[in-house]
Each structure stands twice: as C-alpha cells, then as structure tokens.
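Good morning, everyone, and thank you for making time for this. Please have the sequence and the picture in view while I talk, and follow along residue by residue where you can.

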Amino acid sequence: MSFKEITPQQAWEMVQQGAILADVRDAQRYTYSHPKGAFHLTNQSFLQFEELVDFDTPIIISCYHGISSRNVATFLTEQGYENVYSIIGGFDGWMRAELPIETSYP
C-alpha cells in the first residue's frame, strides 16, 4: 500500500495546511453535502484535477465509508502522486467527527 489512511480530524488539519481534499462520491451526494472545500473528483474532472494539483501536493481522498477511496488513492499513486491519503470512515466518519461541511440543502 503506497498511500496512508488517516482520521477525519487529521485530514481536516492537513486541509488547513494546504492539502487537497477530493470527494469521489456520486454527483448527487456531493452536491447535497461534502467536506468543506472538497474538490469533486470524477472520471470527468480528473483532467482538471491534474492541472490543479502538483505531484508532491498532499491529496486526501474521501468516499462514502473509506472503502472506495482506497482504490482511488492507489490509482493516484500509480499516476505519480507522492503524498496520497484515504480518510478512515469516509464522509460518514467526517460527519461523525462533526467537521465542517458545505451543503446545498436549506
């Protein structure tokens, strides 16, 4: 395994220090609510992501429960990204930790 698993709290601390947080959930759930400042990483947005993010920038992947983010993290390390992390518990863990979110519902 070439990426590290971190807690939601560790992820939020890293985001505040400049790490990129990428949410890989489906568009409907991402639009409904996501970690504050998260980039919506999909097959369609990957080229934009590549343009924005340097290979040595810390990248944190968030999914539903911390499972599919591992696959995405593995993929990113295979693309040459050096500092890749997966959030333990995914967005579910983020919510349970009561960390900041952005939402589109009233």
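In what order do the strands of the open sheet stand? Before I answer, please keep in mind that we are looking at a predicted model. The open sheet is formed by 5 strands, and reading across it we meet β1-β6-β5-β2-β4, with parallel pairing. At the edges stand β1, residues 4-6, and β4, residues 39-40, and each of them has a single partner strand, so one side of each is left without a neighbour in the sheet.

Let us now walk through some of the pairings. Between β1 and β6, which run parallel, there are 3 bridges, and if you look for glutamate 5 you will find that its bridge partner in β6 is serine 86. Further along, β2 and β5 are paired in the parallel sense over 4 bridges, with aspartate 23 standing opposite serine 62 in β5. Strand β2 is also joined to β4, again in parallel, by 2 bridges, and here alanine 22 is opposite phenylalanine 39 in β4.

What lies across these strands? Helix α1, residues 8-16, lies across β1, β2, β5 and β6, and runs at about 100 degrees to β1.

With that frame in place, I would like to pick out isoleucine 87, which belongs to strand β6, residues 84-87. Is isoleucine 87 buried or exposed? Its relative accessibility is 0%, and because buried means under 20%, isoleucine 87 counts as buried. If we set aside the neighbours within four places in sequence, the residues in contact with isoleucine 87 include Ile6, Pro8, Ala11, Leu21, Ile61 and Trp94. You may also like to find methionine 14, which is 73 residues from isoleucine 87 in sequence, while the two C-alpha atoms are 12 Å apart in space.

Two further buried residues deserve a moment. Serine 33 is in strand β3, residues 33-35, and with a relative accessible area of 5% it is buried. Leaving out neighbours within four places in sequence, serine 33 has contacts with Arg25, Phe91, Ile101, Glu102, Thr103 and Tyr105. Threonine 77 sits in helix α4, residues 68-78, and it too is buried, at a relative accessible area of 15%. Not counting residues up to four places away in sequence, threonine 77 touches Ser2, Phe3 and Val84.

For a contrast, please turn to the loop between α5, residues 90-96, and β7, residues 101-103, where glutamate 98 is found. At 72% relative accessibility, glutamate 98 is counted as exposed, because the cut-off for exposed is over 50%. The backbone of glutamate 98 is also worth a look, since its phi is near 60 degrees, which is a positive value in a residue other than glycine.

Finally, a word about empty space. Rolling a probe the size of a water molecule over the atoms shows where such space is left. The largest pocket has a volume of about 160 Å³. Which kinds of residue make up the lining of the largest pocket? The lining divides into 6 nonpolar, 3 polar and 2 charged residues, and among the lining residues you can find Val24, Arg25, Asp26, His40, Asn43 and Phe75. Arg25 is therefore a residue to revisit, as it lines this pocket and is also in contact with the buried serine 33.

Conventions: Residues numbered from 1 in each chain as written. Predicted model: local features only at pLDDT ≥ 70, side-chain atom pairs only at ≥ 80, totals over all residues. Heavy atoms only, no water. Buried < 20%, exposed > 50% of the residue type's maximum accessible area, 1.4 Å probe, protein only. Contact = heavy atoms within 4.5 Å. 1 Å grid on protein atoms, 1.4 Å probe; cavity = no way out; pocket = protein on both sides within 12 Å on 5 of 7 lines; lining within 4 Å. Points joined across faces, edges and corners; volume = space filled by probe spheres on them. Nonpolar A, V, L, I, M, F, W, Y, C, P; charged D, E, K, R; others polar. Pairing = 2+ DSSP bridges. Axes fitted to C-alpha atoms, helices over the stretch in contact; angles between N-to-C directions.
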